[in-house]
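Take a moment to turn the model around on your screen before reading on. Then let us walk through it together, one stop at a time.

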Amino acid sequence: MRVIILAAGKGERLYPLTKNTPKSLLEIGHGKTVLESQLENIAGCGIRDVTIVTGYKTEQIEAKVKDIDFLDITICYNPFYATSNNLISAWLAIRETSENFVLVNGDDVFKRKVLEGLINCTNDITMVIDRKDKYDEDDMKVVTDGELVLKVSKEIPVEEANGESIGMILFRRKG
């Protein structure tokens, strides 16, 4: 199993916090960054292989992970980060992967048990979603029918959404 962290974007919605720092390197408390929290949770689940797709301020992310020895980390640079989206970043990382993998957005803050639950799923594709009482226009909204995800898009009208993708998806076999 491999985890691919999509951390190439500029994080413009978080300006000025991300003016000089990638959003995955923003501190979330106790001197720990989003990325450090993710890597600790990944390692805690017994996963060792991690690919981090970088772009914006890649040198900062590379410097942050260069001395980590509890994971096998590969950096995959997306030279198109300023003009592309997560789909291109994911494609750059998975084109050399033949194993099962989990895609995680570089700004996801999650508890280990969420990742543990996901990697224990047996479906070809499993998306972690959150259910809320109300959705915002900027949410990555989903429409589900039972356990089946029918649509995923920010363009889904808020009144049609019945879930939100948190940006963590498992791909197995044909998925």
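What follows is a short tour of this predicted model, from a pair of helices to a few unusual spots in the backbone.

Let us begin with two helices that touch. Two packed helices are described by the angle between their axes and the distance between the axes. Here the pair is α1, residues 34-44, and α4, residues 112-119; their axes lie 9 Å apart and form an angle of about 45°. That angle makes α1 oblique to α4, and the crossing of α1 and α4 is right-handed. Which residues bring them together? On the α1 side they are Glu40, Asn41, Ile42 and Gly44, and they meet Arg112, Leu115 and Glu116 in α4. By character, the residues of this contact divide into three charged, two polar and two nonpolar.

Stay with α1 a little longer. Its buried residues are Val34, Leu35, Ser37, Gln38, Leu39, Asn41 and Ile42. After α1 comes Gly46, whose phi is positive, near 85°.

From Gly46 we can hop to Val3, as the C-alpha atoms of these two residues are separated by 11 Å, although they are 43 residues apart along the chain. Val3 sits in strand β1, residues 2-7. Is Val3 buried or exposed? With a relative accessibility of 1%, Val3 counts as buried. Setting aside residues up to four places away in sequence, Val3 touches Ile42, Ile47, Asp49, Val50, Thr51, Val102 and Val104. Ile42 is a familiar name, since α1 lists it among its buried residues.

Two more buried residues are worth a visit, each in a helix of its own. Ile61 belongs to helix α2, residues 58-65, and is buried at a relative accessible area of 0%. Beyond its neighbours within four places in sequence, Ile61 is in contact with Ala7, Pro22, Ser24, Leu25, Leu35, Ile52 and Thr54. Glu160, by contrast, is 38 Å from Ile61 in space, C-alpha to C-alpha, and 99 residues from Ile61 in sequence. Ser89 lies in helix α3, residues 86-94, and is buried too, with a relative accessible area of 3%. Leaving out residues up to four places away in sequence, Ser89 touches Leu6, Ala8, Val53 and Asn78.

Next, the cysteines. A disulfide is a covalent bond between the sulfur atoms of two cysteines. How many disulfides does a search of the whole structure find? The search finds zero. Cys121 shows why: the closest cysteine sulfur to its own is in Cys45, 12 Å away, and that is too far for a bond. Cys121 is partly exposed, at a relative accessible area of 25%, while Cys76 is buried, at 15%.

Our last stop is the backbone itself. Most residues other than glycine have a negative phi, and most peptide bonds are trans. Where does this model depart from that habit? The peptide bond from Tyr15 to Pro16 is cis, with omega near 5°, and Pro16 is found in the loop between β1 and β2. Lys57 is not a glycine, yet has a positive phi of about 55°. Lys57 lies in the loop between β4 and α2 and counts as partly exposed, at 25% relative accessibility. Arg173, also a residue other than glycine, has a positive phi near 40°. Arg173 is found in the segment after β10, where it counts as exposed at 57% relative accessibility.

Key: Residues numbered from 1 in each chain as written. Predicted model: local features only at pLDDT ≥ 70, side-chain atom pairs only at ≥ 80, totals over all residues. Heavy atoms only, no water. Axes fitted to C-alpha atoms, helices over the stretch in contact; angles between N-to-C directions. Helix = DSSP H or I, 4+ residues; strand = E, 2+ residues; numbered from the N terminus. Parallel < 35°, antiparallel > 145°, perpendicular 65-115°, else oblique. Left-handed = near helix turned anticlockwise from the far one by under 90°. Contact = heavy atoms within 4.5 Å. Nonpolar A, V, L, I, M, F, W, Y, C, P; charged D, E, K, R; others polar. Disulfide = S-S within 2.5 Å. Buried < 20%, exposed > 50% of the residue type's maximum accessible area, 1.4 Å probe, protein only.
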